[in-house]
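Ready for some practice? Have a look at the model below, then try each exercise before you read its solution.

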Amino acid sequence: GINAEYGENQQDNSGIQEQLQQSDPTVSDNPENLPTNADFMSAFTEGRDENEPGPSSSVPQSTVPQTLFYIKRIRTILKEEQPIILQSVNGPCPLIAIVNCLLLQQRLQLPDESECITAGSLCSLLGNYLLDRAQQNDQDIHHTEQYILDCLDRFVQIQTGIDINVKFNSVEGFEYTPELSLFDLAQVRLLHGWVVDPQDTFLAELVGDLTYNQLVEKTMNKSSSSDTKEVSESLVLKDHLESSQLTVHGICEINSSLHKGDISVLFRNNHFSTITKHDSMLFVLVTDIGWAEEANVVWETLDSTCNSSSFVDGFFKLATTSPPKSDAQCDEEYALSLELQISKEEHAEQQRLWDQAKLNNEQEIARSMEQPPSSSRSQKEKSSKDRKKSDGGCVLM
């Protein structure tokens with residue numbers, strides 16, 4: 001299937017990660033001090049009789065990766081300070097998308113004033129929520145408890161992503177896999193927009209009810225055929241498989257399947273995002289840690305298959321900020337800034353030379369005006385004597 005890895009466009013945020021580490025003194029770099037799956041189990045079994053059946057001891061006791069997630073507090077229509085989890089460098093986006101859904105639906109709460117949370121704490125918080133919900137619904141607590149632990153263990157173990165096998169005829173078309181159990185357990189809808197338009201009859205007939213894996217196999221078989229028609233069909237299928245995992249028809253189907261205010265998880269470009277609908281428009285929650293300090297950037301529009309989206313705030317008003325600059329933009333702006341700085345320095349040097357020349361001229365004029373009058377008369381008398389002496393030396397013919 002498709003390996004849904006970590007979030008897209010992630011940057012090297014080691015500085016932010018270090019800052020988060022410092023803000024949570026309870027987190028240790030020593031693996032011996034990190035919580036394990038056994039710590040999660042103890043939360044579920046605490047207060048029960050030791051002879052009472054509990055979680056299976058066969059669940060691996062692996063150490064939970066202690067990735068730190070930054071908590072951003074946004075203003076929304078429903079809440080003045082709504083916390084959401086941001087996607088950091090090594091973050092499991094399926095888990096983050098589910099938790100953000102529950103947070104925005106007010107079904108899950110984070111500790112007040114928290115600035116960050118570890119992956120282990122996030123899993124434990126989600127597990128306790130799911131167990132409490134099962135108890136409230138009078139479900140078989142022993143069966144549900146083990147089911148929750150198994151689901152959480154899969155998310156803990158699969159930190160590099162989960163396999164997704166989509167079907168291209170429905171926004172909810174997914175082949176069931178154990179990794180997707182947590183979506184069902186949390187009652188969070190998982191959608192995708194990689195849906196073939198039935199009006200494109202040629203492609204629709206080629207794809208049919210096949211899953212991604214089946215379609216890849218079919219494309220490979222057709223591409224190796226000696227029949228030119230088969231090869232042509234393989235090229236059409238290849239274009240579909242290499243697309244942006246979103247179609248215009250898919251966007252319309254997602255829009256039709258959601259009511260105003262609904263919050264779900266969207267799978268696109270091998271990434272899981274939190275999605276909602278407001279005033280007949282679709283919006284994807286912005287969870288990249290690069291926007292951590294941008295209070296106005298909360299949602300991103302989903303209205304086309306290309307990257308022509310806009311950012312809006314928690315009230316779905318157009319954000320006043322601009323997207324982060326790329327390295328090329330930064331280099332170009334730095335070069336322009338440097339050029340302007342050099343030009344300013346050259347202008348300042350020219351102005352300094354001009355001011356100095358002007359000052360020297362003014363000082364020269366001032367010195368000449370300060371000379372005593374006697375000196376001036378003596379000069380005139382000397383000049384007059386010189387002229388007389390010269391006249392006296394003349395011989396008249």
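**Exercise 1.** Find what share of the protein's residues is buried.

*Solution.* The model is a predicted one. The protein has 397 residues, and buried ones make up 40% of them. To place these residues in the fold, keep in mind that the protein has 12 helices and 11 strands.

**Exercise 2.** Classify the aromatic pair of Phe-168 and Trp-194, and work out which parts of the chain it ties together.

*Solution.* Step one: the ring centres are 5.1 Å apart, and the planes meet at 90°. Step two: an angle over 60 degrees counts as edge-to-face, and that is the class of this pair. Step three: Phe-168 sits in the loop between strand S5 and helix H6, while Trp-194 sits in the loop between strand S6 and helix H7, so the pair ties together parts 26 residues apart in sequence. Step four: both Phe-168 and Trp-194 are buried. Together with Tyr-212, Phe-168 and Trp-194 form one aromatic cluster.

**Exercise 3.** Do the same for Trp-291 and Phe-311: are the two residues buried or exposed?

*Solution.* Begin with the geometry: the centres are 4.8 Å apart with 45° between the planes, and the pair is tilted. Next, the location: Trp-291 belongs to the loop between strands S9 and S10, and Phe-311 to strand S11, so the pair links parts 20 residues apart in sequence. Finally, compare with the cut-off: buried means under 20% relative accessible area. Trp-291 has 8%, so Trp-291 is buried. Phe-311 has 15%, so Phe-311 is buried too.

Methods: Residues numbered from 1 in each chain as written. Predicted model: local features only at pLDDT ≥ 70, side-chain atom pairs only at ≥ 80, totals over all residues. Heavy atoms only, no water. Phe/Tyr/Trp six-rings, centres within 6.5 Å; stacked < 30°, edge-to-face > 60°. Helix = DSSP H or I, 4+ residues; strand = E, 2+ residues; numbered from the N terminus. Buried < 20%, exposed > 50% of the residue type's maximum accessible area, 1.4 Å probe, protein only.
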